[in-house]
Amino acid sequence: MIKYHILFFLIFFAIIIFPSANAHSLFNSSEQILGDFRIQIATLPEFPQIGEESQLLFRVTDLDYNEVDRFTMGVRIFFNEEQIDAIRPQTHDTHHWETEFTFQQPGNHIFRVDLYDAAKDGGVLTYVFNMSTQSPFGYIFFASLIAGGMILGGVICFIYIPKIIKSRS
């Protein structure tokens with residue numbers, strides 16, 4: 001009975017300390033604040049594959065995190081300091097925008113996102129983001145996480161299973 005009281009207390013205490021929770025941001029995502037606006041960018045899948053179509057996700061909010069209903073945005077994409085692609089400025093009537101892009105080369109790509117009529121003088125605000133594609137390091141990272149979890153599970157089983165078997169006999 002005491003265990004249930006302790007468990008109830010811990011859950012109640014956790015709810016008070018952490019009144020809200022947010023989903024994790026995507027690994028290949030970023031945000032930047034310039035002027036009176038905040039722009040978020042992300043890719044789906046989180047680690048884009050070379051030669052496969054990926055989604056670019058953009059979201060525009062004000063400084064109070066209220067979503068902007070109408071904005072004009074264009075994107076210039078650079079690789080090795082050379083512009084390789086561009087998305088012409090378009091007006092969007094929602095706070096977010098999705099478009100498709102295919103990464104042709106492995107490595108870091110620089111996205112220069114231009115938000116038009118956003119500066120105090122009516123000019124353009126340019127946000128700069130660094131996005132990367134899947135590399136062999138990404139596979140090594142995931143493999144090391146999986147191996148670490150399996151080793152931890154093995155150690156826990158090695159420690160506790162003999163105790164459980166011993167207590168039953």
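**Thr61**

I started with Thr61, which comes out as buried because its relative accessibility is 1%, and the cut-off for buried is under 20%. This is a predicted model, so every entry here is a reading of a prediction. I placed Thr61 in strand E3. Which residues does Thr61 contact, leaving aside neighbours within four places in sequence? I noted Asp36, Phe37 and Arg38 on one stretch of numbering, then Asn66, Glu67 and Val68.

**The sheet around E3**

Next I looked up the sheet that holds E3. I found an open sheet of 4 strands, ordered E1-E2-E3-E6, with antiparallel pairing. Why do E1 and E6 each have one side without a neighbour in the sheet? Strand E1 (29–34) and E6 are the edge strands and have a single partner strand each, so one side of each stays unpaired in this sheet. I also noted the turn between neighbouring strands here: 20 degrees on average, ignoring direction.

I then went to the E2 and E3 pair. The two strands run antiparallel and are joined over 8 bridges. For a landmark when I turn the model, I wrote down that Ala42 sits opposite Leu57 in E3.

**The nonpolar core**

I moved on to the largest nonpolar core, which has 24 residues. Which members touch the most other members? They are Met73, Phe111 and Leu115. I checked which strands feed this core with at least two residues each: E2 (37–44), E3 (53–62), E4 (71–79), E6 (96–102), E7 (108–116) and E8 (125–132). As background for myself, nonpolar side chains tend to be buried together in soluble globular proteins.

I listed the contacts of Phe111, skipping residues up to four places away in sequence. Phe111 touches Ile41, Leu56, Val75, Arg76, Ile77, Phe101 and Phe103, and also Tyr127, Val128, Phe129 and Met131.

**His109**

His109 is in strand E7. Is His109 buried or exposed? It is buried, because its relative accessible area is 0%. Beyond its neighbours within four places in sequence, His109 contacts Phe78, Phe79, Ile84, Phe103, Phe129, Asn130, Met131 and Thr133. I also logged a polar atom of the His109 side chain at 3.3 Å from the backbone oxygen of Gly107.

**Thr133**

Thr133 was on the His109 list, and I looked it up next. I found Thr133 in the loop between E8 and helix H2 (136–168). Its relative accessibility is 5%, so Thr133 counts as buried, loop position or not. Not counting residues up to four places away, Thr133 touches Pro48, Ile50, Phe103, Gln105, Pro106, Gly107 and His109. Gly107 turned up here again: its backbone nitrogen is 2.9 Å from a polar atom of the Thr133 side chain. I also took the C-alpha separation of Thr133 and Phe103, which is 7.3 Å for residues 30 places apart along the chain.

**Arg70**

My last stop was Arg70, in the loop between E3 and E4. Is Arg70 buried or exposed? Arg70 is exposed, because its relative accessible area is 56% and the cut-off for exposed is over 50%. Setting aside residues up to four places away in sequence, Arg70 touches Thr91, His92 and Asp93. With Asp93 there is a side-chain to side-chain polar contact of 2.4 Å. Looking back along the chain, I noted 9.2 Å between the C-alpha atoms of Arg70 and Val60, which are 10 residues apart.

Terms used. Residues are numbered from 1 along each chain as its sequence is written. This is a predicted model: local features need pLDDT of at least 70, side-chain atom pairs count only at pLDDT 80 or more; totals for chains, interfaces and linings use all residues. Side-chain values use heavy atoms; hydrogens and water are left out. A nonpolar core is a set of buried Ala, Val, Leu, Ile, Met, Phe, Trp, Tyr and Cys residues joined through side-chain atoms within 4.5 Å. Buried means under 20% relative accessible area, exposed over 50%, partly exposed in between (1.4 Å probe, protein chains only). Contact means heavy atoms within 4.5 Å. Two strands pair if DSSP finds at least two bridges between them. Axes are lines fitted to C-alpha atoms, for helices over the stretch in contact, and angles run from 0 to 180 degrees between N-to-C directions. A polar contact is a pair of N or O atoms within 3.5 Å; within protein, one must be able to donate a hydrogen and the other to accept it, and residues adjacent in sequence count only if both atoms are side-chain atoms.
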